[in-house]
Amino acid sequence: NGYRDALYNLSVLVEGSTWLVCEVQVHLGAILSHKEKSHRYYEFFRSFFKGNNDAVEVRFRVLEQLRFASSNPKEIVTSIVEGEDRAQLAVLAELFGYNMMGDYPLLVVVERRRVDLLDDSADPEERAKASNRLGEACYLAGLYNEGELVLRDALHMNEEFLGPNHLEILESLDSLAGLLSEKGDLEGAEPMYRRALETRERVLGPDDSSTLISINNLAQLLQKKGDLEGAEPM
């Protein structure tokens, strides 16, 4: 009905030939609300029971890499995040990431820990990649202010140690531009998208698939800004 309830009339045999008819009303609002919060887990495991063999194989491959002494999911995640096993943290990051469970708040926790475990002797490129992963996780989780700071830091490190034309820089530019656009800073996003496009055209060529994606990203941004004349040639 309009209250999102389910109403049933049940007949119950209580004694001999005596029947009772009762009305049962199930309030679905709380159930539906809970489903919204837990649906990502449902979606993740649903493929186990739908004959999707490729998805089953990939998910089991990831789950089999986790080492744990508890059957409690919270305890498993906590023990890995509080530990120093970088390989296990990488498995958790894959599990919580975009292509699997999409649990971005937990992904942020994992990526923060991966950054924290890098000491001063870590390779600069490794530090930049870790920062970029954290920034992208913050972006996906809606933590735009933290994500912007981390992605700018990653971009600066990549520029300093890899040079202006390295592909890692292009990824940093795309992530930062996407975050700024989502944040509503369209003016800040445009030069990032333009720089990524110009670099791809110069290094990869105008017909490369990633160059075409850059063109589309810039065109969509210009449309959001209301610059239809600028977007049309794209």
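Contact here means heavy atoms within 4.5 Å. By that criterion, and not counting residues up to four places away in sequence, glycine 83 touches Arg113 and Leu117. Glycine 83 sits in the loop that separates α3 (73-82) from α4 (86-96); helices (H or I, at least four residues) and strands (E, at least two) are DSSP runs, numbered from the N terminus. Between glycine 83 and arginine 113 there are 9.1 Å in space, C-alpha to C-alpha, and 30 residues in sequence.

The structure is a predicted model, in which local features need pLDDT of at least 70, side-chain atom pairs count only at pLDDT 80 or more, and totals for chains, interfaces and linings use all residues. Residues are numbered from 1 along each chain as its sequence is written, and side-chain values use heavy atoms, with hydrogens and water left out.

The chain contains 11 helices and two strands, and along the sequence they follow the pattern β-β-α-α-α-α-α-α-α-α-α-α-α. Of its 234 residues, 37% are buried, where buried means under 20% relative accessible area, exposed over 50%, and partly exposed in between (1.4 Å probe, protein chains only). Of the contacts between residues at least 6 apart in sequence, 45% join residues at least 24 apart.

One helix pair consists of α5 (residues 104-116) and α6 (residues 124-141), whose axes come within 9 Å and cross at roughly 160 degrees. Axes are lines fitted to C-alpha atoms, for helices over the stretch in contact, and angles run from 0 to 180 degrees between N-to-C directions. The helices α5 and α6 are therefore roughly antiparallel to each other; angles under 35 degrees count as roughly parallel, over 145 as roughly antiparallel, 65 to 115 as roughly perpendicular and the rest as oblique. The crossing of α5 past α6 is left-handed, a term for a near helix turned anticlockwise from the far one by less than a right angle, right-handed being the clockwise case. Residues making the contact include Leu107, Val108, Glu111 and Val115 of α5 and Leu134, Ala137, Cys138 and Ala141 of α6. By class, the contact of α5 with α6 has 11 nonpolar, one polar and four charged residues. In this classification Ala, Val, Leu, Ile, Met, Phe, Trp, Tyr, Cys and Pro are nonpolar, Asp, Glu, Lys and Arg are charged, and the others, Gly among them, are polar.

Glutamate 111, in helix α5, is buried, with a relative accessible area of 5%. Leaving aside neighbours within four places in sequence, glutamate 111 is in contact with Ala93, Arg133, Leu134 and Ala137. The C-alpha atoms of glutamate 111 and cysteine 138 are separated by 9.2 Å, with their positions 27 residues apart along the chain.

A second pair is formed by α8 and α9, which pack at an angle of about 155 degrees with their axes 8 Å apart. They are therefore roughly antiparallel to each other, and α8 passes α9 in a left-handed crossing. Among the residues in contact are Ile169, Leu173, Ala177 and Leu180 of α8 and Ala189, Met192, Arg195 and Ala196 of α9. The contact of α8 with α9 divides into 11 nonpolar, four polar and three charged residues.

Side chains of opposite charge can pair when their charged atoms come close. The structure holds 15 salt bridges, each a side-chain nitrogen of Lys or Arg within 4 Å of a carboxyl oxygen of Asp or Glu. In one of them, the closest N and O atoms of glutamate 148 and lysine 183 are 2.6 Å apart. Because glutamate 148 lies in helix α7 (residues 144-162) and lysine 183 in helix α8 (residues 167-183), the pair ties together parts that are 35 residues apart in sequence. Glutamate 148 counts as buried at 14% relative accessibility, whereas lysine 183 counts as partly exposed at 36%.

Another salt bridge joins arginine 195 and glutamate 159 (2.6 Å, N to O). Arginine 195 lies in helix α9 (residues 186-203) and glutamate 159 in helix α7, so this pair ties together parts 36 residues apart in sequence. Both partners are partly exposed, arginine 195 at 28% relative accessibility and glutamate 159 at 31%.

Helix α9 also contributes glutamate 187, whose side chain meets that of lysine 225 in a salt bridge (3.2 Å, N to O). This pair links distant parts of the chain, since lysine 225 is in helix α10 (residues 209-225) and glutamate 187 in helix α9, 38 residues apart. Salt bridges that share partners join Glu187, Glu190, Arg194 and Lys225 into one network. Lysine 225 is partly exposed at 29% relative accessibility, and glutamate 187 is exposed at 56% relative accessible area.
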